[in-house]
Amino acid sequence: MQGADADTVADALASDDALPGAGGFAGELDGTLVRDVLGRYPLFVERAVSDEARLDPGQWSHDPTALADPRSFPAGHIRNESGTQQRWSLPSLDPFGDRETAIETVRETVETSIDAVDTDSLAIAFSGGVDSALLAARLDAPLYVAGFPDSHDIEAARSAADLLGTEVHVVELTHDAIERAVPEIASATARTNAMDVQIALPLYLAAERVAADGFDRLALGQGADELFGGYAKVAKAPEDPRVEADTVRGAQREVIASLPDQLERDVLALRAAGVEPVTPLLHDRVIGAALRLDGDLLVDGETRKVALRAAARESLPDEIADRDKKAAQYGSLAARELDRLARQAGYKRRMDDHVTQYVESLVE
């Protein structure tokens, strides 16, 4: 079992509690295969085995490369002698009674989760935004940022580190590093689509450097955007066609539901680079608090992640707490430079999904 201890998982099974006070879990417990509601740990089964059939020990794994033809075991599901069935779903929680209570609860849950992280052999992925800066301010661990020399992320990380009175290790990306890393990422994640590879690239290359420097755990601010309203499509609901929900809270739940797929990619890429991810903002206590936020504590006008930013002011200078950030693939310029490499290799933008075609050529 990866993640929560056996007693916590047993309690979650007995009570059907989707948020039992853990940071996720996946594996086998007393003959039952389980994966938590947000899929915070990867889990795979052999595609050829029917959902109604019992799995032998060699027919499931946390590592897709250990199976002949793996498929992801769905988050929130269990599998036993009765077959595969959904056991947990994201709970619907009533909003907080008032704004002050909401912000204070977010602050307490976030700080408690971060402060509980063991800093032994730990480094922090640091982009200079509010999410990773909370980790940097409360954990005694070195900071790392990956990007091309003129990237937004490197500039933002350096300026935020200065404000926090510390330094950040810069992992400068190169075309050679990208060309080497792409097949390794594709092999580890079983994904070759352009978006997944672009997102994984800066994480993977930063993690390689972290591992080379002697650390085996990497703390990330993952989940903050999904939980606290960090996406434009959430802020613009219901007008944004990328979400089906007609409220900000509904859109928040939609993007939270996308986490299992994202986390699977990121965990597999980071493990392939030699580190284990640590994600304190994805602890059940933080998720529970986020699900109770009213829409105006997620998005207020042009401000996103309203409650998280307000809560972060206890730990961070206002200049960092108020910062917007770019997605890693854009802030690091990994997406731009992968596109450039694709075009240099003859995969022009007029071609259908030209970057994915280029990625597949590197894998081949």
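A residue is called buried when its relative accessible area is under 20%, exposed when that value is over 50%, and partly exposed in between. Keep those words handy as you look around this structure, which is a predicted model.

**A covered strand**

Let's begin with strand β10, which covers residues 143-147. Here 5 of its 5 residues are buried. Which residues sit on which side? Leu143, Val145 and Gly147 are on one face, Tyr144 and Ala146 are on the other, and all of them are buried, so both faces of β10 are covered. There is a handy rule behind that every-other-one pattern: in a regular strand, side chains alternate between the two faces of the sheet.

Strand β10 has a partner, too. Strand β9 (residues 122-125) is joined to β10 by 2 bridges, and the two run parallel. If you want a spot to zoom in on, find Ile124, whose bridge partner in β10 is Leu143.

**Two open sheets**

Next, look for an open sheet of 5 strands, in the order β1-β2-β3-β7-β8, with antiparallel pairing. Its edges are β1 (2-3) and β8 (83-86), and each of these pairs on one side only. Inside this sheet, strand β2 (residues 25-29) and strand β3 (residues 32-35) are antiparallel and joined by 4 bridges. One pair to look for is Ala26, which stands opposite Arg35 in β3.

Another open sheet has 3 strands in the order β5-β4-β6, and its pairing is antiparallel. The edge strands here are β5 (60-61) and β6 (70-72), each with pairing on one side only. Strand β4 (residues 44-46) runs antiparallel to β6, and 3 bridges join them. In that pairing, Val45 stands opposite Arg71 in β6.

**Backbone oddities**

Most residues other than glycine have a negative phi, and most peptide bonds are trans. A few places in this model go the other way.

Lys305 is not a glycine, yet it has a positive phi of about 55 degrees. You'll find Lys305 in the loop between β15 (303-304) and α12 (306-312). Buried or exposed: which is Lys305? With a relative accessibility of 3%, Lys305 falls under the 20% cut-off, so it counts as buried.

Leu333 has a positive phi as well, about 70 degrees, and it isn't a glycine either. This residue lies in the loop between α14 (328-331) and α15 (334-344). Leu333 also counts as buried, because its relative accessibility is 13%.

Then there's a cis peptide bond, which joins Ala237 and Pro238 and has an omega of about 10 degrees. Pro238 belongs to the loop between α8 (232-235) and α9 (248-256).

**Charges that pair up**

How many salt bridges does a search of the whole structure find? The count is 31. Here are some of them:

| Salt bridge | Distance between closest N and O atoms |
|---|---|
| Arg242 and Asp240 | 2.7 Å |
| Glu276 and Arg271 | 2.9 Å |
| Arg343 and Asp339 | 2.6 Å |

How covered are these partners? Arg242 is exposed, with a relative accessible area of 53%, whereas Asp240 is buried at 7%. In the pair with Arg271, Glu276 is partly exposed at 28%, and Arg271 counts as partly exposed at 23%. Finally, Arg343 counts as partly exposed at 26%, while Asp339 is buried at 10%.

The Arg343 and Asp339 pair is a nice one to trace along a helix. The two are 4 residues apart in helix α15, so about one helical turn separates them.

Some charged residues go beyond simple pairs. Arg35, Arg191, Asp196, Asp261, Glu264, Arg265 and Asp266 are linked in a network of salt bridges. You've already met Arg35 in β3, opposite Ala26.

**A negative patch**

Last stop: the surface. Asp352, Asp353, Glu360 and Glu364 form a negative surface patch. One of these, Glu360, lies in helix α16 (residues 354-363). Why does Glu360 count as partly exposed? Its relative accessibility is 33%, so Glu360 sits between the 20% and 50% cut-offs.

Notes
Residues are numbered from 1 along each chain as its sequence is written. This is a predicted model: local features need pLDDT of at least 70, side-chain atom pairs count only at pLDDT 80 or more; totals for chains, interfaces and linings use all residues. Side-chain values use heavy atoms; hydrogens and water are left out. Patches are made of residues with over 30% relative accessible area and no salt bridge: like charges are joined within 9 Å, nonpolar side chains (Val, Leu, Ile, Met, Phe, Trp, Tyr) within 5 Å. Accessible areas come from the Shrake-Rupley method with a 1.4 Å probe; for residues, only the protein chains shown count as cover. A salt bridge is a side-chain nitrogen of Lys or Arg within 4 Å of a carboxyl oxygen of Asp or Glu. Lys and Arg count as positive and Asp and Glu as negative; His and the chain ends are not counted. The place of a charge is taken as NZ of Lys, CZ of Arg, CG of Asp or CD of Glu. Buried means under 20% relative accessible area, exposed over 50%, partly exposed in between (1.4 Å probe, protein chains only). Two strands pair if DSSP finds at least two bridges between them.
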